[in-house]
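Grab your viewer and work through a few short exercises. Each one comes with a solution you can check as you go.

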Amino acid sequence: MNKIIGTLALCVSLVLTGCQSSSGGASTRNVDPALTKGSTAQFFSKSAWQACAVGVGIMGVGCLLLGEKAGTCLASAAVGCGVMMGGNYYLDTKRAEYANAEMRIDAYIQDLQQNTLEVQSITQNAKNVLDKNLATLHALNEQIKNDNVNKKQVKKNLTQIDANIAYLNDKLNRIKKVENDWVNLSVQEQQSGVNVTRLDKEIGELHKQISALEKQINLVTQQRSAVKVS
């Protein structure tokens, strides 16, 4: 019973921590629906983190009710959450699950590659939207040069572009937090004497995808800043 209570406390703690660390995200108001709907919308989002945290608690309690050990339950319950559960917690669960360092590195890489695929998907989806935004900004600049501006339409277009930029910057910051957790995890494992060469290579692949997303956002932000409507 004490173990069950402890797991419930952990679940509540995780959810609360998730709310604190993920609160204050960008609003989806006026954001292009292509960014907020579909499978990519939930990647690295507040709701995805909280769903994962709640899932860990429920699975952990169920596992304990079946008489399994607490360490085994928490490790298995966290599968799929990765470092979204917090780098230190994730590290502890993987160490409990895999005493063998090479097997643990393999497990890290599998989760990390999933994160990289998610960022790649977000980047492609963002590119589709931001390319349209760039075309819109180019058209608006031409209208301004020719003094042929529909101010109502311009305001509507710029409002959505600004919302898209804010939304994607918020997403980017969440992704960078995940990347930072992976880097910290690698450092901790290296300090324990584990060879993290393969893990660091995969972290580098994640970083490349993040940089590509950031480059796209910055390009549109620069173009947006150049559009001045009196």
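**Exercise 1.** Find out which residues Ser186 is in contact with, leaving aside its neighbours within four places in sequence.

*Solution.* Start with the contact list: Val196, Leu199, Asp200 and Ile203. Keep in mind that you're looking at a predicted model. Next, place the serine itself: Ser186 lies in helix H7, which covers residues 151-191.

**Exercise 2.** Decide whether Ser186 is buried or exposed.

*Solution.* First, get the relative accessibility, which is 3% for Ser186. Then recall the cut-off: buried means under 20%. Ser186 therefore counts as buried. For context, 40% of the chain's 230 residues fall in the buried class.

**Exercise 3.** Work out which residues have the most contacts inside the largest nonpolar core, and which helix gives the most to it.

*Solution.* This core holds 39 residues, and Tyr108, Trp182 and Leu199 have the most contacts inside it. Now sort by helix: H5 (87-97), H6 (101-145), H7 and H8 (197-225) each chip in at least two residues. H7 gives the most, with 12. Finally, zoom in on Tyr108: beyond four places in sequence, it touches Tyr90, Leu91, Lys94, Trp182, Leu185, Glu189 and Leu199.

**Exercise 4.** Describe the chain as a whole: how many helices and strands does it have?

*Solution.* Count the elements and you get eight helices and zero strands. Then look at sequence separation: among contacts 6 or more positions apart, 80% are between residues 24 or more positions apart. Last, the surface: the accessible area is about 12500 Å², with 53% of that belonging to carbon and sulfur atoms.

Note on methods:
Residues numbered from 1 in each chain as written. Predicted model: local features only at pLDDT ≥ 70, side-chain atom pairs only at ≥ 80, totals over all residues. Heavy atoms only, no water. Helix = DSSP H or I, 4+ residues; strand = E, 2+ residues; numbered from the N terminus. Buried < 20%, exposed > 50% of the residue type's maximum accessible area, 1.4 Å probe, protein only. Contact = heavy atoms within 4.5 Å. Core = buried A, V, L, I, M, F, W, Y, C linked by side-chain atoms within 4.5 Å. Areas by Shrake-Rupley, 256 points an atom, 1.4 Å probe, with all protein chains shown as cover.
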